[in-house]
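User: Hello! I am new to this structure and would like a close look at one part of it, with some help finding my way from there.

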Amino acid sequence: MVDLKGQYEQIKEQVDTSVLEVIHSTAFINGPEVHSFQKELEEYLNVKHVIPCANGTDALQITMMGLGLEPGDEIITADFTFAATVEVIALLRLTPVLVDVDPDSFNIDPEAIKKAITPKTKAIVPVHLFGQSANMDAIMAIAKEHNLYVIEDNAQGIGANYKFNDGTIVKTGTIGHVASTSFFPSKNLGCYGDGGAIFTNDDDLAHTIRGVVNHGMYKRYHHDVVGVNSRLDAIQAAVLRAKLPNLDNYNNARRSAARKYNNAFNNIPNIITPKVEGNGCGTNHNTICDTCNCHVFHQYTLRITNGKRDDLAQHLNDNGIPCGVYYPIPLHSQKAYRDDRYNEADFPVTNQLIKEVISLPMHTELDDEQIAFITKTVIEFVNS
């Protein structure tokens, strides 16, 4: 699904040199590489505060700890996403409230959010799924009306743009009160192990979170808040520093591959290609344009509408083509998160998507020959 080795070969000299410098310095924890990466990512995102941490799941948990959410507070998020988003809510004894998603973008449905709000609701967690921003104009308006926090789960969307209705263009992860991201190796900006970060423009919240990630300490052995041990190590920061200047090029390469996939699958019966909302350039369109960065294609996900998605997955595997189903089981049906409050009728889109979605290889090193083989294999099966 990804070609990390091919990507590494392009930046091998810089990565190797930087990692060896960390080893020689022995500054493994909170060293100069971590601080430099933090500042460089702040500049790239145009956000006041980046707080690195150990992984993306920690980043989500720490944001909620930093906001002072209490057991029983309700947190609204999407039913169609990876479990990390909801597991940290449950872990903190908050109450997850799962809602349906939009059939085109796969992102949380603002109308479903409105229906789920109760007096106990304290926050909304939009997930910028597969690399495309949720409808942040609508979500921020809902949050303002009901005095709710917005916690962006930007694990799959780093580098994507969002254009507000007033014309303002910002990076995803800088819109809500706070955001989390993951640097898992397969992400658009991935390290060579685990890593994550938290973004915010709120000075007070940033101060609290910096204590939370380091055992609640601002001064050594003085524990002012309840904290955790969650730090990005310097070797991973060195890798991320080597990759960050290439992030826009990486995302451009993904969009180029997605455009070629779309062109091949255009007008093929029983295949629905990804819809691009166009929030990066302010134009709603179903094509992948060169003028914006509104979808960074962490995943390239088709919908197979003839009921043969699983057969296609097997056919691709038989032909040596990796693929993935993200996600085969909705969160409201997972054993850990089942709740009598949920009604199947409230999740028509999610329940349809889990039967149809399939993700094809998507990474920066895809070439025309690989794409041609993949698309030919898919089309031959669907047409058979």
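In which helix is the place of L20? Please start there and then show me the sheet as well.

Analyst: Happy to help! Please keep in mind that this is a predicted model. L20 sits in helix α2, which covers residues 12–25. Its relative accessibility is 45%; buried would mean under 20% and exposed over 50%, so L20 counts as partly exposed. On the surface, L20 belongs to a nonpolar patch together with I23, F28 and I29. The accessible area of these four residues together is about 340 Å².

Now for the sheet. It is an open one with 7 strands, in the order β1-β9-β8-β5-β4-β2-β3, and the pairing is mixed. At the edges stand β1 (49–53) and β3 (95–99); each has a single partner strand, so one side of each has no neighbour in the sheet. From one strand to the next, the twist averages 25°.

Let us follow one pair of strands within this sheet. Strand β4 (residues 121–125) and strand β5 (residues 149–153) run parallel and are joined by 2 bridges. Here I124 has V150 in β5 as its bridge partner. Helix α7 (residues 136–146) touches both β4 and β5 as it packs on the sheet, and its direction makes about 150° with that of β5.

Another helix meets the edge strand β1: helix α3 (residues 32–45) lies across β1 and β9 (196–200). Helix α3 runs at about 135° to β1.

Definitions and conventions:
Residues are numbered from 1 along each chain as its sequence is written. This is a predicted model: local features need pLDDT of at least 70, side-chain atom pairs count only at pLDDT 80 or more; totals for chains, interfaces and linings use all residues. Side-chain values use heavy atoms; hydrogens and water are left out. Patches are made of residues with over 30% relative accessible area and no salt bridge: like charges are joined within 9 Å, nonpolar side chains (Val, Leu, Ile, Met, Phe, Trp, Tyr) within 5 Å. Accessible areas come from the Shrake-Rupley method with a 1.4 Å probe; for residues, only the protein chains shown count as cover. A salt bridge is a side-chain nitrogen of Lys or Arg within 4 Å of a carboxyl oxygen of Asp or Glu. Helices (H or I, at least four residues) and strands (E, at least two) are DSSP runs, numbered from the N terminus. Buried means under 20% relative accessible area, exposed over 50%, partly exposed in between (1.4 Å probe, protein chains only). Two strands pair if DSSP finds at least two bridges between them. Axes are lines fitted to C-alpha atoms, for helices over the stretch in contact, and angles run from 0 to 180 degrees between N-to-C directions. Contact means heavy atoms within 4.5 Å.
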